[in-house]
Amino acid sequence: MKIVRTEKEHIPQIARIAAESFPDPWTENGFMSSLDISGNIFLTASENGEAAGYIIGTADGDFAGIDSIAVAPSFRRQGIAKELICRFCEIAAQSDSCSSVSLEVRENNLPARALYKKCGFSEIGLRKNFYSAPRENAIVMNKMIKEDKLC
Ligand SMILES: CC(C)(COP(=O)(O)OP(=O)(O)OC[C@H]1O[C@@H](n2cnc3c(N)ncnc32)[C@H](O)[C@@H]1OP(=O)(O)O)[C@@H](O)C(=O)NCCC(=O)NCCS
């Protein structure tokens, strides 16, 4: 499995993974336009040329945030999401001013909360009714990325 910068040709498979993973997935156009946004970190886990998962977020100045991560159902529980987060944090840490990565996660998404904890994130807050369809609270999580050991 390789982690690579996302290219246009990955997008149809990534949109399919998102559709299999979320009730309100990003569209193919949404993923495509985010390829052009400066400061975005958009990575694909590629297994024999097939996209197995992706992570997308921003590292801009002091701020880094993960906006979306998903792994195709047939590739789950093989460490792919952990590897994507690790690589994301390494890239964000290359910016001198960026000291932490943050994210929001649905309160009921226990697999994702367990994943982020395993990757060294701490739960630092709650945003009431942050999500719609279905309406749900968000847990805010944060990880310092200027430590010796990132992954
Ligand atoms: C959450 C998700 C990205 C995890 O991807 P993954 O590649 O299967 O995760 P990993 O194999 O890297 O798991 C790393 C650790 O996370 C935790 N974890 C992952 N999936 C889990 C699950 N279903 N239940 C409990 N813990 C889980 C475990 O601690 C796991 O380590 P272990 O396998 O040694 O026990 C994947 O289930 C997914 O795409 N879900 C739908 C989309 C989603 O919810 N994205 C997050 C939105 S905030």
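Which residue in E7 is the bridge partner of glutamate 104? In E7, glutamate 104 has valine 140 as its bridge partner. The exercises below extend this to the rest of the fold.

The model is predicted: local features need pLDDT of at least 70, side-chain atom pairs count only at pLDDT 80 or more, and totals for chains, interfaces and linings use all residues. Residue numbers start from 1 along each chain as its sequence is written.

**Exercise 1. Lay out the sheet and its edges.**

Step 1. Helices (H or I, at least four residues) and strands (E, at least two) are DSSP runs, numbered from the N terminus. Two strands pair if DSSP finds at least two bridges between them.

Step 2. The sheet is open, with 7 strands in the order E1-E2-E3-E4-E5-E7-E6 and mixed pairing. Its edge strands, E1 (2-5) and E6 (122-131), each pair on one side only. From one strand to the next the twist averages 25 degrees.

Step 3. Strands of a sheet pair through backbone hydrogen bonds, either parallel or antiparallel. Both senses can be located here. E3 and E4 are antiparallel over 8 bridges, with glycine 53 opposite valine 71 in E4. E4 and E5 are parallel over 3 bridges, and glycine 65 stands opposite serine 102 in E5. E5 and E7 run antiparallel, joined by 7 bridges.

**Exercise 2. Describe the two hairpins.**

Step 1. E6 pairs with E7 (residues 136-144) in the antiparallel sense over 6 bridges. Within E7, isoleucine 139 is the bridge partner of leucine 126, and asparagine 142 is that of serine 122.

Step 2. The hairpin of E6 and E7 has 4 residues between the strands, and alanine 133 in the turn has a positive phi of about 45 degrees.

Step 3. The hairpin of E3 and E4 has 2 residues between its strands; there glycine 61 takes a positive phi near 65 degrees.

**Exercise 3. Identify the main contributors to the largest nonpolar core.**

Step 1. A nonpolar core is a set of buried Ala, Val, Leu, Ile, Met, Phe, Trp, Tyr and Cys residues joined through C-beta atoms within 7 Å. A residue is buried if 20 or more other C-beta atoms, placed from the backbone, lie within 10 Å of its own.

Step 2. The largest core holds 38 residues, and those touching the most other members are Ile14, Tyr54, Ile55, Leu84, Ile85, Phe88 and Ala92. At least two core residues come from each of H1, E2, E3, E4, H3, E5 and E7. H3 gives the most, 7 residues.

Step 3. Take alanine 92 (contact: C-beta atoms, placed from the backbone, within 7 Å). Not counting residues up to four places away in sequence, alanine 92 touches Ile41, Ala59, Ala64, Cys98, Val101 and Ile145.

**Exercise 4. Work out what surrounds the ligand.**

Step 1. A residue is near the ligand if its C-beta atom, placed from the backbone, lies within 6 Å of it. The shell has 18 residues, the closest being Arg76, Ala81, Lys82, Pro111 and Leu115.

Step 2. Strand E4 (63-71), helix H3 (80-93) and helix H4 (110-118) each give two or more residues to this shell. H4 provides the largest share, 5 residues.

Step 3. By class, the shell has 10 nonpolar, 4 polar and 4 charged residues. Ala, Val, Leu, Ile, Met, Phe, Trp, Tyr, Cys and Pro count as nonpolar, Asp, Glu, Lys and Arg as charged, and the others, Gly among them, as polar.

Definitions and conventions
Axes fitted to C-alpha atoms, helices over the stretch in contact; angles between N-to-C directions. Buried ≥ 20, exposed ≤ 12 C-beta atoms within 10 Å, placed from the backbone. Contact = placed C-beta atoms within 7 Å.
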